[in-house]
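Open the model in your viewer with the sequence panel visible. The stops below can be selected one after another.

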Amino acid sequence: MSPTDAAALPDYAPISRSALGPALNEHGYYVGRVDGHLYYVTDGTYMAAFLTTSDGVVLLDAPPTLGNNIQRAIDEIASAIGVSNKVEYLIYSHHHADHVGAASLFDKNVTRIGHEETRRLLLRDDDPARPPNDETFQDHRTLEIGGERIDLAWHGPNHSSDNILIHLPDHDTMMLVDIVNPGWVPIYQSNLSEDIPGYIEAPANALAYSWRHFIGGHMGRLGTRDDITLHQQYMADLVESSRTAIDTVDPTPYFMKYGENVWAALKGYLDETAATAAAPVIEKYTGVLAAADVFTVDVAFQVMQSIRLDLGYGAQVHP
């Protein structure tokens with residue numbers, strides 16, 4: 001493997017301290033209270049949460065980058081407040097390995113709960129690190145565990161076909177993973193989302209509930225309703241700018257240049273359209289949302305393609 005010359009790598013805008021979470025401990029994690037008996041644990045990139053109850057601990061997701069630090073964090077809190085440290089319930093936000101790939105670290109008798117599609121996908125994937133959830137629901141389910149209420153809801157595909165809302169009304173908290181990264185823009189392809197119209201709609205579904213604290217599954221800090229609103233505005237600006245780019249970027253020079261190499265022409269045209277759509281959004285949000293200059297072109301490409309293919313905007317019918 002040849003070494004990379006760091007001096008040749010691109011420079012990006014500095015990251016605001018407000019986008020970052022608390023400092024990590026010597027084990028590489030931070031655990032803090034969200035509200036009441038609800039806590040979160042993060043490694044600065046991934047995040048899980050847990051609820052201490054009279055019936056044991058309810059764990060919300062188990063990212064593999066946190067791994068055994070999840071139990072260390074639970075042990076730390078349980079010891080401090082004098083409650084059980086045993087995980088009795090594990091709720092899956094969705095089936096992706098980066099959020100539940102440490103699920104097998106917990107006792108096989110743990111009650112695993114998630115959407116019916118989560119179970120189907122985990123059975124399909126047959127990953128021993130992600131035991132399928134035993135209990136399922138279709139649209140809504142309310143759990144009462146140790147005197148604590150947890151509302152689970154599926155509003156349709158978004159980041160994935162099975163990604164759910166986890167609302168903890170007694171703790172004024174909403175957990176919705178892989179939609180909004182508080183303080184940051186989405187990464188590749190709108191956080192690698194499968195359904196862009198559903199992804200764009202998901203924050204409004206979350207805001208329809210009453211809550212103050214937001215757990216997005218990524219980065220190191222909790223979010224607020226203002227973080228969700230800012231994300232919505234960023235995405236709305238990308239949608240508007242993408243429509244303008246579709247209307248104004250001329251594909252003709254690319255097809256004239258590349259002739260029979262249609263893929264080269266298409267790549268040039270679509271890349272220019274995405275860059276055109278992204279430019280004013282990068283200018284507006286650099287310094288407002290972290291990494292706006294890093295990922296906005298890529299997110300714009302996915303949004304622009306969804307507008308063309310899902311919504312049919314700009315499609316031309318041959319005369």
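Is histidine 99 buried or exposed? Select histidine 99, which sits in helix H2, residues 97–100. Its relative accessible area is 0%, under the 20% cut-off, so histidine 99 counts as buried. Keep in mind that this is a predicted model.

Now show what surrounds this side chain. Setting aside residues up to four places away in sequence, histidine 99 touches Tyr46, Asp61, Ala62, Pro63, Pro64, His94, Val177, Asp178, Gly217 and His218.

**Helix H1**

Next, select residues 69–81, which form helix H1. Put a distance between the C-alpha atoms at its two ends: they are 18 Å apart. That agrees with the 18 Å that 13 residues should span at 1.5 Å a residue, because the expected span is 1.5 Å times one less than the number of residues.

Colour Asn69, Ile70, Ala73, Ile74, Ile77 and Ala78, the buried residues of H1. They pack against five strands: S1 (30–35), S2 (38–42), S3 (47–53), S4 (56–60) and S5 (87–91). Step just past the helix to glycine 82, where phi is positive at about 75 degrees.

**Strands S5, S6 and S7**

Move to strand S6, residues 111–115. How many of its five residues are buried? Four are, and the strand is mostly covered.

S6 has S5 as a parallel partner, with three bridges joining the two. To find this pairing, select tyrosine 89 and look across to threonine 111 in S6, which stands opposite. S6 also pairs with strand S7, residues 135–137, again in the parallel sense and over three bridges. Here select isoleucine 113, whose bridge partner in S7 is glutamate 135.

**The five-stranded sheet**

Show strands S8 to S12 together. They make an open sheet in the order S8-S9-S10-S11-S12, and the pairing is mixed. Which strands lie at the edges? S8 (140–145) and S12 do, each pairing on one side only. From one strand to the next, the twist averages 20 degrees.

Within this sheet, select S10 (residues 165–168) and S11 (residues 173–175), which run antiparallel and are joined by three bridges. Leucine 168 has threonine 173 of S11 as its bridge partner.

**Glycine 223**

Follow the chain on from S12 (213–215) into the loop that leads to H6, and stop at glycine 223. With a relative accessibility of 4%, this glycine is counted as buried. Beyond its neighbours within four places in sequence, glycine 223 is in contact with Pro182, Arg212, His213 and Phe214. For a longer view, draw a C-alpha to C-alpha distance from glycine 223 to arginine 149: the two are 21 Å apart in space and 74 residues apart in sequence.

**Helices H6 and H9**

For the last stop, select H6 (residues 225–248) and H9 (residues 292–309). How do these helices meet, and at roughly what angle do their axes cross? The axes come within 9 Å and cross at roughly 65 degrees, and the crossing is right-handed.

Show the side chains at the contact. H6 contributes Tyr234, Met235, Leu238, Val239, Ser242, Arg243 and Ile246. From H9 come Thr296, Val299, Ala300, Val303, Met304, Ile307 and Arg308. Coloured by class, the contact has 10 nonpolar, two polar and two charged residues.

Technical notes: Residues numbered from 1 in each chain as written. Predicted model: local features only at pLDDT ≥ 70, side-chain atom pairs only at ≥ 80, totals over all residues. Heavy atoms only, no water. Axes fitted to C-alpha atoms, helices over the stretch in contact; angles between N-to-C directions. Left-handed = near helix turned anticlockwise from the far one by under 90°. Contact = heavy atoms within 4.5 Å. Nonpolar A, V, L, I, M, F, W, Y, C, P; charged D, E, K, R; others polar. Buried < 20%, exposed > 50% of the residue type's maximum accessible area, 1.4 Å probe, protein only. Pairing = 2+ DSSP bridges.
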